[in-house]
Every structure is written in C-alpha cells, then in structure tokens.
Amino acid sequence: MPGIAHGSVCLRPWLQDDAEALIGITQCAHVHVWLKDWANVDEWATQWIEGQKWRHEKGDPEREFMSWAITVPPSDLPVGVINLGGDETAHRGVSLGYFLHTDALHKGYATEAVLALCRYVFDRWDFVEILASVRVENAPSRAVLERAGFVFMKTVPMRLSGYEQEVSCAWYGKAR
C-alpha cells in the first residue's frame, strides 16, 4: 500500500524496522496515559507490526483495527501512530485515534495526519462518519479534531485499558 500524504506528513504501513520507533512513541508519558497496557511493548512490537501487515491486506476497518505510521518526509522514520477501527460500525461509522512522539508535538503533524486519514477513509469506504474520543482535559488534541472539521458531540465516561476508574472523554464526529 502506498503512503497517504497530506501537507508535511505521510501515513504509511508499519515496517519491521519500525519496532524501535513504535516503542519510543508509545512510551512517551502523554501517550502511555492512553496505553497503560502497552507497558511491555518492547516484548511484542515486531509481532504487532506483523499483525498490522495482515490487517492492511484485509483492508476492512469495520472488522480489523488498522494502524499507520506517521512520518514527515524526507525522513521515513515514524514520529507518530494513527489508528482506525472500533465498535461504532452499527451506524456506519468508524473511530480514529492518534499519538505523536513528544518531539513531534505542536508542529501541525497530528492535524495533517487526521485530515489525511479522513480523506482516505471517505474515498475508500462508505462510512458515514468518523468518530474520535479524547480525554476532556487534553485541549491540544481537542483542537486537532476541531481544526480537522470534527464537531463535539458529548462527554462520556470511559474505562481505558489499564485503568481501574473511568475517565471523562469528549466524543467528536466528522460526517462524510
């Protein structure tokens, strides 16, 4: 699968050589808040990447969670992760999520990655909306979604992986 470009970023499938970058991204403190269950990613990053190859071959985000590496050409090294999938398929929607390495924050990369993936999703599949959730207190991530054309829908309590208590999350949606 060729890369999905927008502005200064390119989304591309994960490569086995990306394991170290994936580990670095997911272990950043602001990312680890969401991915507490990835504490030992260094033990299985290459298997996760191999699974993503299979999921991209299937090409069905309704049934298979899909992920891309966010790169900033000319470098091909991942600076972030963007995902597609989830359980919102009952109403022909799909969810996205994204994480950037600390060094890549506040440069517009997340907004460009979200815009690129939204265009790709609406061009390739017949989903009627794309959803995203962010922790209520994460103002920069909420701003990313708003710049990408998402509209705030509601605040809901969510139990995140690795958390004993629910956290308050803002849900956003973007219609076709």
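Which residues of helix 5 (residues 139-147) are buried? Ser141, Arg142, Val144 and Leu145 are, and they get their own view further down.

A quick note before the views: this is a predicted model, so local features need pLDDT of at least 70 and side-chain atom pairs count only at pLDDT 80 or more, while totals for chains, interfaces and linings use all residues. Residues are numbered from 1 along each chain as its sequence is written, and side-chain values use heavy atoms, with hydrogens and water left out.

**View 1. The whole chain, with 5 helices and 8 strands.**
Helices (H or I, at least four residues) and strands (E, at least two) are DSSP runs, numbered from the N terminus. Going along the sequence, you meet them in the pattern β-β-α-α-α-β-β-β-α-β-α-β-β. The chain has a radius of gyration of 15 Å, close to the 16 Å that the globule rule gives for 176 residues, so it is as compact as a globular protein of that length. (That radius is taken over C-alpha atoms, and the globule rule is 2.2 Å times the number of residues to the power 0.38.) Picture the C-alpha atoms filling a box of roughly 40 × 40 × 30 Å along the principal axes. Of the 176 residues, 49% are buried; buried means under 20% relative accessible area, exposed over 50%, and partly exposed in between (1.4 Å probe, protein chains only). Contact here means heavy atoms within 4.5 Å, and among contacts between residues at least 6 apart in sequence, 59% join residues at least 24 apart.

**View 2. Helix 3 (residues 45-58) and its buried face.**
This helix has 14 residues and reaches 20 Å from first C-alpha to last, close to the 20 Å expected at 1.5 Å a residue. (The expected span is 1.5 Å times one less than the number of residues.) Tucked away are Ala45, Trp48, Ile49, Gln52 and His56, the buried residues of helix 3. Seen down the axis of helix 3, they fall within an arc of 100 degrees, so they line one face of the helix. The arc is that of the directions from the helix axis to the C-beta atoms. As background, an α-helix has 3.6 residues a turn, so residues three or four places apart point the same way. Helix 1 (19-26) and strand 3 (66-71) are included in what covers the buried residues of helix 3. Turn to the face away from that buried side and you find the exposed residues Gln47, Glu57 and Lys58. Just after helix 3 comes Gly59, with a positive phi near 60 degrees.

**View 3. Glu64, in the loop between helix 3 and strand 3.**
At 18% relative accessibility, Glu64 counts as buried. Its side chain meets that of Arg55 in a salt bridge (3.8 Å, N to O); a salt bridge is a side-chain nitrogen of Lys or Arg within 4 Å of a carboxyl oxygen of Asp or Glu. Arg55, at 25%, counts as partly exposed. Leaving aside neighbours within four places in sequence, Glu64 is in contact with Trp54, Arg55 and Leu84.

**View 4. More salt bridges, out of a count of 5.**
Asp18 and Arg12 pair up through their side chains at 2.7 Å, N to O. Asp18 is buried at 4% relative accessibility, and Arg12 is buried at 8%. Another pair is Arg135 and Glu137, at 2.8 Å, N to O. Here Arg135 is buried, with a relative accessible area of 16%, whereas Glu137 is exposed at 55%. Back with the earlier pair, salt bridges that share partners join Arg12, Asp18 and Asp76 into one network.

**View 5. Helix 5 and the elements around it.**
Back to the opening question: Ser141, Arg142, Val144 and Leu145 are the buried residues. Seen down the axis of helix 5, they fall within an arc of 150 degrees, so they line one face of the helix. They pack against strand 5 (93-100), helix 4 (109-124), strand 6 (129-135), strand 7 (151-158) and strand 8 (167-175).

**View 6. Ala39, in the loop between helix 2 (29-32) and helix 3.**
Ala39 is partly exposed, with a relative accessible area of 48%. Not counting residues up to four places away in sequence, Ala39 touches Gln27 and His32. Its C-alpha atom and that of Ala110, 71 residues apart along the chain, are separated by 23 Å.
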